[in-house]
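I opened my notebook next to the viewer today and jotted down what I looked up. Have a look along with me.

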Amino acid sequence: MPSSRLNSLILALPKAELHVHLEGSMQPKTLLLLAERNGIDLGCADEEGVRAMYRYRDFPHFLALYGTLTSVLRRPEDFQLITHELGMEAARQGTRYLEVTFSPATHYRNKSIAVDEMMDAIAEGAQAVLQEVGVEMRFIPDHVREYGQEFCQLTAEWCVQGRDRGVVALGLGGGEQGRPASLFADAIHWVQAQGMPFVPHAGEAVGPEGVWDALQFNPPRIGHGVRAAEDPELVDYLCEKRIVLEVCPTSNIRTGCVASWNEHPLRRLWDAGVLLTINSDDPPMFNTTLLDEYRVAVTQFGFTADDLARLSMNAARASLLPAEKREQLVETFKRGYKRRSARMDCPCQRASSPCRDHQSDKSILLHLTPIALSTSCNIGVGSEIGTPFSSPYLAPIPLIVLIGRGEPTPYFQSCKNTLSFSSTCVPSMGCSSIAGEYLLAGAVRPSASAIART
Ligand code: ADE
Ligand code: ZN
């Protein structure tokens with residue numbers, strides 16, 4: 001499949017991400033900004049310097065660097081900012097739902113930041129994301145294994161207190177070697193008795209024994225878990241119990257937990273029938289994005305378009321939303337796939353010129369600026385799908401709009417702002433002007449029907 005087609009397909013695929021760290025998602029620019037604002041010397045002055053820092057000798061080296069970069073987060077507003085940035089970036093990539101891990105004890109223990117204020121700020125960031133682009137975010141405070149049992153109990157208590165601010169589980173991260181989940185059994189049992197699930201990292205830096213140990217606690221999902229592939233009995237167990245693995249392929253390569261793409265067990269686990277999801281872990285720190293991770297599933301592991309849809313559906317189904325909300329998410333995803341496959345099933349999609357019905361039926365990613373902030377947003381040729389357009393104004397709002405006969409995506413429907421963009425965008429994107437007019441009409445007064453009629 002040509003790479004531009006693959007990019008469009010992945011961008012248009014409705015996605016949910018279950019394994020992404022808040023602190024590890026800070027963009028280099030934001031990291032530098034916060035370091036300066038909070039008077040932290042990171043030892044690098046520009047984004048290039050930050051990227052150069054993101055090369056790891058091994059997994060412990062990665063964790064050490066993780067500790068350094070989290071030191072720039074000092075005030076509740078910092079957490080609000082990075083939560084907002086993460087959600088907006090997710091929207092740009094066509095991700096509809098996020099479960100975000102963060103490590104409250106790191107900030108409380110090392111910098112005396114009040115956890116309640118931190119959680120309020122994170123929830124405010126998430127609320128703004130929901131209002132602006134319709135992406136839902138939930139949170140998984142994780143215990144960092146190095147901090148010992150008492151901090152695990154404290155983190156468990158913060159999880160329960162944070163339920164009203166979107167907390168859905170207790171996580172477990174940090175250095176796995178010599179620190180199995182069972183070391184924290186008391187706190188895990190306590191949190192579970194409060195009705196809160198436990199979702200640990202396991203089988204990332206240690207072998208199958210780390211996963212077996214974590215399975216004593218009946219987690220619905222395991223972070224990474226890729227080394228389970230070394231034990232056929234464990235693979236059978238994961239299949240039988242329908243335990244979902246949150247696989248983060250590029251992370252495993254960059255931290256050295258898996259030596260090469262050839263050795264990565266993603267394909268073997270998939271073929272064995274383990275329920276898998278695809279995730280980015282700490283995206284800028286691994287120079288990746290969720291879109292890249294889905295791309296890797298195709299380019300490194302030979303996944304098909306249908307496989308990608310199954311991966312994304314696995315994530316929607318394994319989300320920790322209440323059952324009714326989860327079902328809504330699943331239904332939204334199903335509608336997204338139907339729209340896509342109706343288009344892809346048409347023979348015109350394989351021909352050099354599309355049929356009349358699909359002449360203007362293409363998905364494009366538009367970044368629109370709220371009219372309250374600017375009177376027009378000059379969308380040019382660069383806004384074709386997969387080529388993020390950068391607005392000269394304030395933060396652009398990303399929308400994926402199907403021009404032509406498709407329905408608009410939920411982004412469009414969920415966006416509450418009044419939007420405007422210049423008419424020059426349409427011809428420059430090669431869309432038929434009639435579709436363009438409908439699109440304009442719909443964009444100026446966002447209305448699902450205006451676009452659905454095109
Ligand atoms: N904290 C952030 N990323 C992590 C990972 N991949 N494993 C364990 N702890 C982490
Ligand atoms: Zn992780």
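My entries on a metal site, a glycine, a threonine and a helix follow.

**Ground rules.** I am working with a predicted model, where local features need pLDDT of at least 70, side-chain atom pairs count only at pLDDT 80 or more, and totals for chains, interfaces and linings use all residues. Residues are numbered from 1 along each chain as its sequence is written, chains are lettered from A and ligands numbered from 1 in the order in which they are written, and side-chain values use heavy atoms, with hydrogens and water left out.

**Zinc site.** Which residues are the protein donors of the zinc ion (ligand 2)? I found His 19 (NE2), His 21 (NE2), His 201 (NE2) and Asp 281 (OD), lying 2.0 to 2.3 Å from the ion. Donors here are N, O and S atoms within 2.8 Å of the metal (3.2 Å for Na, K and Ca), and as water is not among the atoms, sites may look incomplete. I noted the spacing of the donor residues in sequence as H-x1-H-x179-H-x79-D. His 19 sits in strand E1 (residues 15–21) and Asp 281 in the loop between strand E8 (275–278) and helix H14 (290–299), so this pair links parts of the chain 262 residues apart. Helices (H or I, at least four residues) and strands (E, at least two) are DSSP runs, numbered from the N terminus.Both His 19 and Asp 281 are buried, meaning under 20% relative accessible area (exposed is over 50%, partly exposed in between; 1.4 Å probe, protein chains only).

**Gly 223.** I looked up this glycine in strand E6 (residues 221–224). Is Gly 223 buried or exposed? Gly 223 counts as buried because its relative accessibility is 0%. Leaving aside neighbours within four places in sequence, I listed its contacts (heavy atoms within 4.5 Å) as His 19, Pro 200, His 201, Ala 202 and Glu 246. Two of these, His 19 and His 201, are also zinc donors. Gly 223 and Leu 245 are 22 residues apart in sequence, and their C-alpha atoms are 6.1 Å apart in space.

**Thr 288.** I found Thr 288 in the loop between E8 and H14. Thr 288 is buried, with a relative accessible area of 7%. Its contacts, again without neighbours within four places in sequence, are Thr 250, Ser 280, Pro 283 and Glu 293.

**Helix H7.** I noted 19 residues in H7 (residues 115–133). Buried residues in H7 include Val 115, Met 118, Ile 122 and Val 129. Just after H7, Gly 134 takes a positive phi of about 75 degrees.

Conventions. The expected span of a helix is 1.5 Å times one less than its number of residues.
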